[in-house]
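Welcome! Please take a moment to look over the sequence and the fold, and then read on for a short guided tour.

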Amino acid sequence: MTSRIPRDSRLRLVRPRPLAAAPSAVNERRPRRPAPRPPEGTPAPAELARMARSGLAAAARVARWADNALGPGRDAATTDGKATLSDATARRAAADLGLTTDRIRADWDTARLAGLVEVHGDSARPGWRLRAWNRDDSAVLRGWVALFDAWSLASPEPVDQEPGAVAEVVSAMPQVLSFLQLSAGPVPVEQLLDLLRQRVTELRTERCEVPYSAGSEPATPLAPVTSADVEPAEPARDAELAPLLDWALRALASVGALTYGDAHATLTPLGSWAVWVKLEQICVAAQSPAGNIEQSAEAMLRGCAQLRPNAARAEYRAWLAARTVGSAVSELLLAARGDDALLRGLAFEALRVVGAPAEPDVRAVVDEPALRPYALLWLAEHDGVDPEDAHEVLTREEATWLWVDTAAAVADHGEAPMLVRHLESALQPTVPALLAEVRAVGHPRTVQVLVALAAAHPDPALAKAVRRAAFQVHTGGS
């Protein structure tokens, strides 16, 4: 007995425009985890957004000034023809806003870190968060969290400290912030210093390596390494960490994450909420069936293929939170270069969650044929183009290549009716025109896609034409 209720397909098509990626949503069969509640006493999202707007008001003011004064086609362009914050631009902004140039530069840097302004080469443009600043609380909070994530860039590093020691402290601060969040009140700096020392010592122990003297030869790959070969990690000393902890706490205070004074530090409501959000993201991923936070990019993407879009984005965020941006973006692009078209599309969905920090790497792969359409769409959306219109940046050939790649994902992971419906998203007005252009673009999966489409299509005449095209591509005939 068959059900009259149509099944939810493993993949979901978006019509009628060409698809940017193999759609990925499925019905989740497992019980959904209840929405977590923030700690008691956490202000409502609207109040948190009000705090964030207040803290970023100066940065938003400079961003709006730049939008009005430095936009393309305006007479008020800088004398050097650039829309970046040159010396001349800083002086002009200071005069217009009644501020010092140092204040302008500081607010400009904050605006960039919060995503209110995006700088690309020698040009600047308003970020999407600036457009939504007054009406979208979630955009405001995301902007503040972006600034919170970049706290180490908000204040200059101590010039008299080793870069390696600075990096260790930056890596150890999440544990310090977690302790502050759990304490829910003022914590003595001495207690934080002790925690920081322990964490830095752990980090040094984890990366302990076999030392080689200047005159010794390295061990061969087959030579066993004993405990005598390994130099114990040097314990972190309070004397070397105290000035770095002071720098870190001052930097976090400058972005509004905590208050720091009288030898105590206390998370602000925004800081406490942000730390809770990041801990919750990690917990969500750790509790997922696949344990995505521990997986490689490819395994994580395969696990997310079984989730609804919102749940998948939450998984992406948690996976990204556990890695540095550079390594995460490299892993995602490596997965996108594989043979699975579904992973290619999902990788770029995850890169959308990364946002602006991924732009240089995405721009660098534009010349790779397999990634070019995805990269162009990503860059168009990043530049503020409406996702519904982003496909217009593709040439006819690129759009057709993407159509085939999406069809390959549907053929591998979807169901036959969905592949048939995929025909409706093609640019070409007729099936013969589509087949001609599909053959011309030379996608490596063309034969498999056409064979699968012919097997799935209920129209015998159309199926025969598609099979003939598949045969011609396979044999190289015309």
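## Strands that pair

Two strands count as paired here if DSSP finds at least two bridges between them. Keep in mind that this is a predicted model. Strand 4 (residues 258–261) and strand 5 meet that mark, pairing in the antiparallel sense over four bridges. Within this pairing, threonine 259 stands opposite threonine 266 in strand 5. The two strands form a hairpin with two residues between them. One residue of the turn, aspartate 262, has a positive phi of about 55 degrees. Alanine 263 lies in the loop between strand 4 and strand 5, and has a positive phi of about 60 degrees although it is not a glycine. With a relative accessible area of 52%, alanine 263 is exposed.

Strand 5 has another partner: strand 3 (residues 187–188) pairs with strand 5 in the antiparallel sense over two bridges. Here proline 188 has histidine 264 as its bridge partner in strand 5. Which side chains of strand 5 are buried, and which are not? They alternate along the strand (residues 264–267): Ala265 and Leu267 point to one face and are buried, whereas His264 and Thr266 point to the other and are not.

## A loop residue before strand 3

Alanine 184 sits in the loop between helix 8 (163–183) and strand 3. Although alanine 184 is not a glycine, its phi is positive, at about 55 degrees. Its relative accessible area is 69%, so alanine 184 is exposed.

## Helix 9 and a salt bridge along it

Helix 9 (residues 189–206) has 18 residues, which at 1.5 Å a residue should span 26 Å. The C-alpha atoms at its ends are 25 Å apart, which agrees. Among the buried residues of helix 9 are Val189, Leu192, Leu196, Arg199 and Leu203.

Side chains of opposite charge can pair when their charged atoms come close. In helix 9, the side chains of arginine 199 and glutamate 202 meet in a salt bridge (3.0 Å, N to O). Arginine 199 and glutamate 202 are separated by about one helical turn, because they are three residues apart in helix 9. Arginine 199 counts as buried at 19% relative accessibility, while glutamate 202 counts as partly exposed at 37%.

## Salt bridges between distant parts

How many salt bridges does a search of the whole structure find? The search finds 20. One of them joins arginine 302 and aspartate 340, whose closest N and O atoms are 2.9 Å apart. Arginine 302 lies in helix 12 (residues 297–304) and aspartate 340 in the loop between helix 14 (325–336) and helix 15, so the pair ties together parts that are 38 residues apart in sequence. Arginine 302 is partly exposed, with a relative accessible area of 37%, whereas aspartate 340 is buried, with 12%. A network of salt bridges links Glu298, Arg302 and Asp340.

Arginine 396 also forms a salt bridge, with glutamate 437, and the closest N and O atoms are 3.1 Å apart. Since arginine 396 lies in helix 18 (residues 396–413) and glutamate 437 in helix 20 (residues 431–441), this pair ties together parts that are 41 residues apart in sequence. Arginine 396 counts as partly exposed at 37% relative accessibility, and glutamate 437 is partly exposed with a relative accessible area of 23%.

## Aromatic pairs

The structure holds three aromatic pairs. In one of them, tryptophan 144 and phenylalanine 148 are stacked, at 5.6 Å centre to centre and with 10 degrees between the planes. Both residues lie in helix 6 (residues 137–149), four residues apart, about one turn of the helix. Tryptophan 144 and phenylalanine 148 are both buried.

Phenylalanine 348 and tyrosine 374 have ring centres 5.6 Å apart and planes at 25 degrees, so this pair is stacked. It links distant parts of the chain, with phenylalanine 348 in helix 15 (residues 341–354) and tyrosine 374 in helix 17 (residues 372–382), 26 residues apart. Phenylalanine 348 counts as buried at 1% relative accessibility, and tyrosine 374 counts as buried at 1%.

## A buried threonine

Threonine 446 belongs to helix 21 (residues 446–456). Buried or exposed? Threonine 446 is buried, because its relative accessible area is 3% and buried means under 20%. A polar atom of its side chain lies 2.7 Å from the backbone oxygen of histidine 443. Leaving aside neighbours within four places in sequence, threonine 446 is in contact with Val404, Val438 and Val473.

Definitions and conventions: Residues are numbered from 1 along each chain as its sequence is written. This is a predicted model: local features need pLDDT of at least 70, side-chain atom pairs count only at pLDDT 80 or more; totals for chains, interfaces and linings use all residues. Side-chain values use heavy atoms; hydrogens and water are left out. Buried means under 20% relative accessible area, exposed over 50%, partly exposed in between (1.4 Å probe, protein chains only). A polar contact is a pair of N or O atoms within 3.5 Å; within protein, one must be able to donate a hydrogen and the other to accept it, and residues adjacent in sequence count only if both atoms are side-chain atoms. Contact means heavy atoms within 4.5 Å. Rings of Phe, Tyr and Trp (its six-membered ring) pair if their centres lie within 6.5 Å; planes under 30 degrees apart count as stacked, over 60 as edge-to-face and the rest as tilted. The expected span of a helix is 1.5 Å times one less than its number of residues. A salt bridge is a side-chain nitrogen of Lys or Arg within 4 Å of a carboxyl oxygen of Asp or Glu.
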